[in-house]
Amino acid sequence: MQLAQEVSTATTEVQFGAPVISTRETSTHLLVRNGQTAMLGGLVDRTQEASHSGLPFLAAIPLAGHLFGSAVASRSTTELFLFLTPYILETDSDVDKLREEVERQSKWVRDAKTQTIQPPAKPPLS
């Protein structure tokens with residue numbers, strides 16, 4: 001199986017009146033048995049932001065400016081993980097059986113057909 005992952009994000013930079021899009025991508029080849037789950041990860045995004053605000057001129061006064069303004073800094077890290085379980089379906093009958101099983105097990109799929117998506121009920125406490 002050949003796979004490609006891509007994550008695109010609009011940045012705060014603007015060129016020619018439009019936001020700059022940051023794209024990260026990777027590709028790989030996998031050998032996986034029928035029904036075996038493979039996990040892929042590694043597309044990490046680290047962002048760091050800083051902003052300053054305050055009263056004009058007063059916030060710029062050396063030593064006393066912090067009394068008239070504030071600074072905020074934030075950092076975040078995200079990583080994309082993919083969990084893939086390939087199934088080899090040889091006949092139309094196999095496709096129909098798998099589709100029916102997925103629909104039977106997933107309340108979300110059944111509700112999507114009627115345009116009302118609700119989370120599945122919580123299992124009873126034992």
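Throughout these legends, buried means under 20% relative accessible area, exposed means over 50%, and partly exposed is in between (1.4 Å probe, protein chains only). The model is predicted, so local features need pLDDT of at least 70 and side-chain atom pairs count only at pLDDT 80 or more, while totals for chains, interfaces and linings use all residues. Residues are numbered from 1 along each chain as its sequence is written, and side-chain values use heavy atoms, with hydrogens and water left out.

**View 1. The whole chain, to get your bearings.** Following the protein chain from the N terminus, you meet its elements in the order β-β-β-β-α-α, that is, 4 strands and 2 helices. Helices (H or I, at least four residues) and strands (E, at least two) are DSSP runs, numbered from the N terminus. Of the 126 residues, 10% count as buried.

**View 2. The nonpolar surface patch with F68.** Here L55, L58, I61, L67 and F68 make a nonpolar surface patch of about 440 Å². F68 sits in the loop between β3 and β4 (69-84), and its relative accessible area of 34% makes this residue partly exposed. A patch is built from residues with over 30% relative accessible area and no salt bridge, joining like charges within 9 Å and nonpolar side chains (Val, Leu, Ile, Met, Phe, Trp, Tyr) within 5 Å. A salt bridge is a side-chain nitrogen of Lys or Arg within 4 Å of a carboxyl oxygen of Asp or Glu. Areas come from the Shrake-Rupley method with a 1.4 Å probe, and for residues only the protein chains shown count as cover.

**View 3. The largest pocket.** The space in this pocket comes to about 240 Å³. A pocket is an open set of points on a 1 Å grid over the protein atoms alone, where a 1.4 Å probe fits, with protein on both sides within 12 Å along at least five of seven lines; lining residues have an atom within 4 Å of a point. Points are joined across faces, edges and corners, and the volume is the space filled by probe spheres set on them. β1 (2-15), β2 (18-29) and β3 (38-54) each supply at least two lining residues, with the largest share, 5 residues, coming from β1. Look for V7, R24 and D45 among the lining residues.

**View 4. Two phenylalanines with positive phi.** F16, in the loop between β1 and β2, has a phi near 55°. F57, in the loop between β3 and β4, has a positive phi of about 70°. F16 is exposed at 86% relative accessible area, and F57 also counts as exposed, at 76%.
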